[in-house]
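Trainee: I have just opened this entry and would like a guided tour. Could we begin with a term I keep meeting?

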Amino acid sequence: MKENTGILSDMCKKYPLTDKGPVKADGTPGHNYTETYESNFHDLRDKDLKLLEIGFGGGDSLKLWAEYFKNAEIYCIDNNLSRIGEYGYIDDPRIKIFYGDQSRPESLESACELMGVKQFDIIIDDGSHIEDHILKTFHTLFEKYLSPGGIYFVEDFLNTISFESESISEITYKEELTTIKKINK
Ligand SMILES: C[S@@+](CC[C@H](N)C(=O)[O-])C[C@H]1O[C@@H](n2cnc3c(N)ncnc32)[C@H](O)[C@@H]1O
């Protein structure tokens with residue numbers, strides 16, 4: 001794995017609606033998850049991969065991923081598509097947004113069916129951050145929709161959740177309440 005180069009953190013300056021970088025839109029510190037992402041994603045940048053993120057927010061993380069992964073298809077599931085209008089149309093044919101409610105496994109499955117994607121290489125859960133939803137989403141997507149060797153991330157959860165997986169590596173940041181969990185398949 002190559003060293004963290006800070007590219008993703010720098011790119012976040014263009015996409016201030018996401019809190020994944022070191023600084024948020026209002027100038028306060030962000031989660032700085034981009035450091036962890038960079039160290040995991042650096043070698044994958046040019047690959048023709050499929051990334052799924054749960055949680056549209058303001059759409060900036062999707063734009064960030066599309067810029068970082070030049071050859072990737074970026075998919076998003078959110079249960080509130082009205083926000084897409086609020087933040088403007090994302091004019092990038094590689095970004096595809098679908099309705100889905102992560103509290104209901106069948107809704108996640110229907111969204112994946114509609115996407116027509118059998119497996120994703122990277123899945124990021126940055127949705128409701130409700131523990132029950134996180135677990136339902138993990139159990140729905142990890143086995144069936146994450147490709148062999150794929151990586152699954154959960155953002156912003158309290159450090160109380162246990163996943164039924166042998167290969168969990170956990171990175172805890174200094175922030176009091178939020179952590180990012182990485183699980184390799
Ligand atoms: C923190 S924002 C996502 C931020 C975005 N990923 C970023 O980094 O810019 C959380 C999103 O999760 C969505 N959400 C909340 N509950 C959800 C649910 N049950 N199913 C799917 N999406 C949900 C919200 O509508 C919101 O768009």
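Mentor: A crossover is called right-handed if, with the strands pointing away from the viewer, the path from the first strand over the helix to the second runs clockwise. Please also keep in mind that this is a predicted model.

Trainee: Which elements make a right-handed β-α-β unit here?

Mentor: The unit is formed by β4, α6 and β5. In sequence, β4 covers 120–125 and α6 covers 131–145, while β5 takes in residues 146–157.

Trainee: How many bridges join β4 to β5?

Mentor: There are 5 bridges between β4 and β5, and the two strands run parallel. As one example, D125 lies opposite V154 in β5. On β1, too, β4 has a partner: β1 and β4 pair in the parallel sense over 4 bridges. There, L52 has I123 of β4 as its bridge partner.

Trainee: Is β4 mostly covered or mostly open?

Mentor: It is mostly covered, with 6 of its 6 residues buried. Two residues from that stretch, F120 and I123, also appear in the largest nonpolar core, which has 36 residues; together with L51 and W65 they touch the most other members.

Trainee: What does W65 touch?

Mentor: Setting aside residues up to four places away in sequence, W65 touches L51, A72 and I74. W65 is itself one of the buried residues of α3.

Trainee: How many residues of α3 are buried?

Mentor: In α3, 7 of the 9 residues are buried. They are D60, S61, L62, K63, L64, W65 and Y68. The cover over them includes α1, β1, β2 and β3.

Trainee: Which residues does Y15 contact, beyond its sequence neighbours?

Mentor: Leaving out neighbours within four places in sequence, Y15 is in contact with D60, K63 and L64. Y15 and D60 are 45 residues apart in sequence, yet their C-alpha atoms are 5.2 Å apart. Y15 itself sits in the loop between α1 and α2.

Trainee: Why does Y15 count as partly exposed?

Mentor: Y15 counts as partly exposed because it has 19 C-beta neighbours inside 10 Å, and a residue needs 20 or more to be buried.

Trainee: Let me change topic to the ligand. Which residues come nearest to it?

Mentor: Of the 24 residues around the ligand, T18, G55, G57, S61 and S128 come nearest. The shell divides into 4 nonpolar, 13 polar and 7 charged residues.

Trainee: Which elements supply at least two residues of that shell?

Mentor: β1, α3 and β2 each do so. S61, mentioned among the nearest residues, is also one of the buried residues of α3.

Trainee: Which residues have a positive phi although they are not glycines?

Mentor: N32 is one of them, with a phi of about 60°, and H129 is another, with a phi of about 65°. N32 lies in the loop between α1 and α2, whereas H129 is found in the loop between β4 and α6. H129 is partly exposed, because 15 other C-beta atoms lie within 10 Å.

Trainee: Finally, how many helices and strands are there in the protein chain?

Mentor: The protein chain has 6 helices and 7 strands. Along the sequence they follow the pattern α-α-β-α-β-α-β-α-β-α-β-β-β. Of the 185 residues in the protein chain, 35% are buried. Among contacts with a separation of 6 or more, 59% link residues 24 or more positions apart.

Methods
Residues are numbered from 1 along each chain as its sequence is written. This is a predicted model: local features need pLDDT of at least 70, side-chain atom pairs count only at pLDDT 80 or more; totals for chains, interfaces and linings use all residues. A residue is near a molecule or strand if its C-beta atom, placed from the backbone, lies within 6 Å of it. Ala, Val, Leu, Ile, Met, Phe, Trp, Tyr, Cys and Pro count as nonpolar, Asp, Glu, Lys and Arg as charged, and the others, Gly among them, as polar. A residue is buried if 20 or more other C-beta atoms lie within 10 Å of its own, exposed if 12 or fewer, and partly exposed in between; C-beta atoms are placed from the backbone. Two residues are in contact if their C-beta atoms, placed from the backbone, lie within 7 Å. A nonpolar core is a set of buried Ala, Val, Leu, Ile, Met, Phe, Trp, Tyr and Cys residues joined through C-beta atoms within 7 Å. Two strands pair if DSSP finds at least two bridges between them.
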